[in-house]
Amino acid sequence: MADIKPTRSEFIDTKRKIKLSQNGYKILKMKRDGLIMEFFKILEQARDTRGALMTNYQRAQEMMAIANTIEGSIGVKAAAFSVRENPEITLKSKNIMGVVVPQIESTQVRKGIADRGYGVIGTTPVIDDTAKAFEELVEAIIKSAEIETTMKRLLNEIESTKRRVNALEFKVIPNLISTRDFIKMRLDEMEREELFRLKKIKARTQA
């Protein structure tokens with residue numbers, strides 16, 4: 001600790017830094033714990049959305065197989081190409097404990113029979129059921145994308161906050177405390193030396 005100046009001002013400044021670091025540590029620890037709680041809430045939603053996604057995917061695949069069998073691949077493709085309006089995705093954002101996460105809104109995903117473009121004449125109900133299955137799948141994909149991205153960003157922020165908490169707890173604060181104790185020890189030594197010097201001077205003047 002040769003580069004540390006054992007002065008009163010340095011001692012006071014180091015004590016101030018310790019207090020600030022300890023306050024920062026408490027705040028970051030609260031933030032980390034809060035983020036972890038939010039993460040587990042989102043994790044529950046993610047389990048539900050993943051299950052819904054797989055269910056909708058399997059349903060859509062089954063309906064596609066049935067539609068191809070009944071209508072033929074050409075009939076299915078013709079119905080698909082007749083769709084006039086594509087889904088619209090709007091990407092917004094929201095704040096979770098200082099973390100900006102996506103909020104995805106979609107329109108025109110689910111359509112009525114009249115809005116799908118292929119009409120009701122010349123097609124069987126299986127086309128409608130297949131279209132509905134894929135519309136539900138698209139909605140599940142959009143919801144899953146929002147949840148999964150939110151989880152990833154929260155996890156990244158948790159890891160970042162955790163590193164800062166650990167740095168303060170195991171490095172910054174202990175180093176500052178060591179510096180404070182060193183300065184205090186040196187100031188005490190200097191005070192004793194000064195006291196001893198004054199006693200010697202007093203003894204000489206009284207001799």
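These legends go with four close-up views of a predicted model.

**View 1. The largest nonpolar core brings together 12 residues.** Look for Leu35, Phe39, Ile42, Leu43 and Ala46, along with Ile96, Val99 and Val101, and then Ile147, Met151, Leu154 and Ile158. Helix H1 (8–81), strand E2 (99–107) and helix H2 (125–206) each chip in at least two residues. H1 is the top contributor here, with 5 residues. As a rule, nonpolar side chains in soluble globular proteins tend to be buried together.

**View 2. Zooming in on Ile42, a member of that core.** Set aside the neighbours within four places in sequence, and Ile42 is in contact with Ile147, Thr150, Met151 and Leu154. Another core lies apart from the largest one; it has 9 residues, including Ala67, Ala79, Val126 and Ala133.

**View 3. Strands E1 and E2 make a hairpin.** E1 covers residues 88–96 and pairs with E2 in the antiparallel sense, over 9 bridges. To find your bearings along the pair, start at Leu91, whose bridge partner in E2 is Ile104. Just 2 residues sit between the strands, and Met97 in the turn has a positive phi of about 50 degrees.

**View 4. Helix H2 has a kink centred on Leu168.** The bend comes to about 45 degrees. Even so, the 82 residues of H2 reach 118 Å from first C-alpha to last, close to the 122 Å expected at 1.5 Å a residue.

Key: Residues numbered from 1 in each chain as written. Predicted model: local features only at pLDDT ≥ 70, side-chain atom pairs only at ≥ 80, totals over all residues. Heavy atoms only, no water. Core = buried A, V, L, I, M, F, W, Y, C linked by side-chain atoms within 4.5 Å. Buried < 20%, exposed > 50% of the residue type's maximum accessible area, 1.4 Å probe, protein only. Helix = DSSP H or I, 4+ residues; strand = E, 2+ residues; numbered from the N terminus. Contact = heavy atoms within 4.5 Å. Expected span 1.5 Å × (residues − 1). Bend = angle between axes of the 7 residues up to and from the residue. Pairing = 2+ DSSP bridges.
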